[in-house]
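This briefing looks at how two chains meet, beginning with the pairing of strands and moving on to the surface between the chains.

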Amino acid sequence: MSKNSYNIYISGVGGQGIIKTSVIIGEAAMNEGLNVCMSEIHGMSQREGSVSTELRIGDFNSSIIPNNSADALLSFEPIETLRGIKKANKDTKIVFNTHPIHPSSGNSLEMNYPPVELIISNLKENFNYVYPIEGNDLANKVGNILSLNMVLLGAIVADDNFPLSKESIVSSMKNNLNSKFHELNLKAIELGFDAVKL
Amino acid sequence: MNLKQLVTGKKGDKQFLLGNEAAVRGAIEAGVSIAATYPGTPSSEIGDVLSYLAKDAGIYFEFSTNEKVAMEVAATAAASGLRSFTFMKHVGMNVASDSFMSTAYTGVRGGMVVLIADDPSAFSSQNEQDSRHYARLANLPILEPSNCQELKDMMVYGFDLSEQFGLPVIIRTTTRVSHMRGIVELGSIKEQNRKGHFDKDPSSFVPVPAFSLSMHERLCDKIKEINKISEKYRLNYISSSKDNFKIGAISSSSAFNYIYDIVNQDNLDINILKLGFSYPFPESKVYEFLKDLDTVFIVEEVDPIIEKEVLAVIGKYNLAITVFGKLDETFPLVHEFNPDIIKKGLNKILKYTEINEKNSYSQNFNDLIESIPNRSPVLCPGCPHRGMFYGVKRAMAKLKLKEDDVIFASDIGCYTLGLNPPYKAADYLLSMGSSIGDGCGFSKATDQKVVSFIGDSTFFHSGISPLVNAVHNKHNFVVTVLDNRITAMTGGQPNPGMSFDGMGNPAPEISIEKIVKATGCNFVKTINPMDLNETIEIYKEAFEHDGVAVIISKHPCVLIKGLEKKSTVEFNENNCKKCYVCLNRLSCPAISYKNNKVTIDKDACNGCNLCVKTCKFGAITEGNKEA
């Protein structure tokens, strides 16, 4: 296994830009000359379902990350962090957006979304590197909630073990997103980066 | 990446591609002239990308009305000397199979590839069938790629092989290959003749009994020849081979990736034979691999097909080898594999490591994980199906029909989500178009009322002939055609009810109402499901009608691009009497219950105003149109 291997599990809800974010990382890895493969599950994503991708940088054939083996979990939504938690071990970097998206259920009266503070405290109790990010606030600060995925992308790039340079992530972003939004997305990446790094 | 680069990319370029995109590049490199499909996940993106690129790539592409028609379009194009490509999800292959079986006899002149995308773990399907059986059923060659590069390469190879032997070639993917992304190095694009000509030869193309027997003989002869090639194919290879290893593994498709990684990571003394060209079965290659082993693991999704072939080889050559696979349940017989499942299976036999499946989390954390709510797919805010389901249920209540008095025969589409509360409007489901045939049986077998639900695209796909059956045989039930002006569930492809085709060209709209009237059905009503009073009244009439009653519930899907965004509703909390009709009967994702009160999420609301119509107390009102 090469030293540059890095497994990242990305999760959230349909419409949050999860697949685009993953593709940006994947293309950046390819451009840096690393091997990379990725798996995406998005069968019902348009209908408010859970979406997840598994991105593996390094000499892997399998695009599925074995349990307890992710170097990082990047989650766009608090309970989606928990849904993917079996991929993590004690030293996995857990970076997640604290803004909840309440699932709609058949009988909305019975819906039971756990308090976000409880999720944060439990994660901190069980894992060594937990980074809750006020992703929606940061995206709104940039000026567009649609830049949420770039905020979170910046946040994961800030992980010391992240194997790709910020520059190659930025150039991959530019190659994948409309040039009208490049400046805005750059700001979002920086804000996310600083939220973890500072 | 801009998808146009799938056409403009040069030999040697590297692209980070989805499996389905790699398949498209393979088709372009192979010089495909004609491609046809009916959309179905996990193969849908192939059609979406081709629909977008066909003109640039010089390909004729169509969304056919169903997979069987797509198969016929491809078969005749190939019979005319062109390279043709058809692709579908696994259950789509069942629809196409009647014509497909004959293509094995008739053969082709230009190359023809049939890509079948299986869905182990049924992420978006009604079953986990293993379509490798079709290779054996039809006696046609099958290729099984494990990753995006192989998928692209096998497309090109498949066309060459098909043309060389004049037979269609199957490529079988799984969800993890179709929806995998990986680095693909591009090859050169082959220039092909784009206009075919059909040279008549009934003895080759008309399988009447007089000809079909000799066609079958010819097929068997060809497969014998192709078997010599599968024995030597470069993607049937032995990886990490050591002479002194006594344990082997044979694998294919996505399953190969898991066993390969585990053997490498855990430094196991296991030789692996990967089968990329798995039928006709490369028996000699397998024998050579097996003969010095004492143990072999067969790692394949879904059915034990390679395993039974291997057992036959072992029996034939009288080898003393123990086989561990699905038949002895070393690996599960159901669901997709992953690295953890394979490792656990290997370890059951080899006992080389400790696998601790219990986590070390605190009890509180385990309780928290247990408690998280599911995020089941739901009908979108503003979905027209919601009004229709609401209308059916209110009509039932007004006629004092209980839940048990009405059977809901559902079909394949977004409206299958009517299964969930509060609608509970899916009691029986078989396949695409089955709801109307199911209605025929239920209405004869029982005294219960029956309501069938079928979408516009599904109606064109396979709803018309059962409707003819229903009218002709004087059945008695209600058919609802949910015409939302798009093939919504698979991501919004056009269908024959639309005014444009799969390449974006103008096309004649086919009228569902005229088709239904042409059957002689004397109760045909088109309703706007957003008009709840009308919807309820028409369903009441339909329930009381003697004979087949067809209701066309017509309103565009909210996901259609370019539709005007409507102003969102206003919630006036002071008027809310907490009856929760809006929450409990509509179940709209934009309406939820937070902090002991009804909350409407304005970001989610699409302004359909159904909730306005259901609120008797004026707590929800239409939004300001000027805003």
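In this predicted model, strand 4 (residues 72-75) of chain A and strand 5 (residues 93-97) of chain A run parallel and are paired over 4 bridges. Within that pair, Leu74(A) is the residue that stands opposite Val95(A) of strand 5 of chain A. In general, the strands of a sheet pair through backbone hydrogen bonds, in either the parallel or the antiparallel sense.

**The sheet shared by the chains**

- Strand 4 and strand 5 of chain A belong to an open sheet of 8 strands with mixed pairing, whose order is 6(A)-5(A)-4(A)-1(A)-3(A)-2(A)-8(B)-1(B).
- The edges are held by strand 6 (129-133) of chain A and by strand 1 of chain B, and because each has a single partner strand, one side of each is left without a neighbour in the sheet.
- From one strand to the next, the twist averages 15°.
- Helix 2 (residues 19-29) of chain B packs on this sheet, where it touches strand 1 and strand 8 of chain B, and its direction makes about 120° with that of strand 1 of chain B.

**Where the sheet passes from one chain to the other**

- Strand 2 (residues 36-41) of chain A pairs with strand 8 of chain B in the antiparallel sense, over 3 bridges.
- In strand 8 of chain B, Gly182(B) is the residue that Cys37(A) stands opposite.

**Extent of the interface**

- The contact draws 61 residues from chain A and 59 residues from chain B.
- About 5,100 Å² is buried between chain B and chain A, and carbon and sulfur atoms give 59% of that area.

**Polar and charged pairs, and what chain B contributes**

- Between chain B and chain A there are 4 salt bridges, and one of them joins the side chains of Glu77(A) and Arg375(B), with an N to O distance of 3.2 Å.
- Polar contacts between chain B and chain A amount to 17 residue pairs, counted where both residues are at pLDDT 80 or more.
- On the side of chain B that touches chain A, the elements giving two or more residues include strand 1 (14-18), strand 8 (180-185), helix 11 (253-265), helix 14 (339-350) and helix 15 (363-371) of chain B.
- Helix 11 of chain B gives the most to that side, with 6 residues.
- Sorted by class, the side of chain B that touches chain A has 33 nonpolar, 17 polar and 9 charged residues.

How values were computed:
Residues are numbered from 1 along each chain as its sequence is written. Chains are lettered from A and ligands numbered from 1 in the order in which they are written. This is a predicted model: local features need pLDDT of at least 70, side-chain atom pairs count only at pLDDT 80 or more; totals for chains, interfaces and linings use all residues. Side-chain values use heavy atoms; hydrogens and water are left out. Contact means heavy atoms within 4.5 Å. Buried area is the accessible area (1.4 Å probe) that two parts lose on being put together, summed over both. A polar contact is a pair of N or O atoms within 3.5 Å; within protein, one must be able to donate a hydrogen and the other to accept it, and residues adjacent in sequence count only if both atoms are side-chain atoms. Ala, Val, Leu, Ile, Met, Phe, Trp, Tyr, Cys and Pro count as nonpolar, Asp, Glu, Lys and Arg as charged, and the others, Gly among them, as polar. Two strands pair if DSSP finds at least two bridges between them. Axes are lines fitted to C-alpha atoms, for helices over the stretch in contact, and angles run from 0 to 180 degrees between N-to-C directions.
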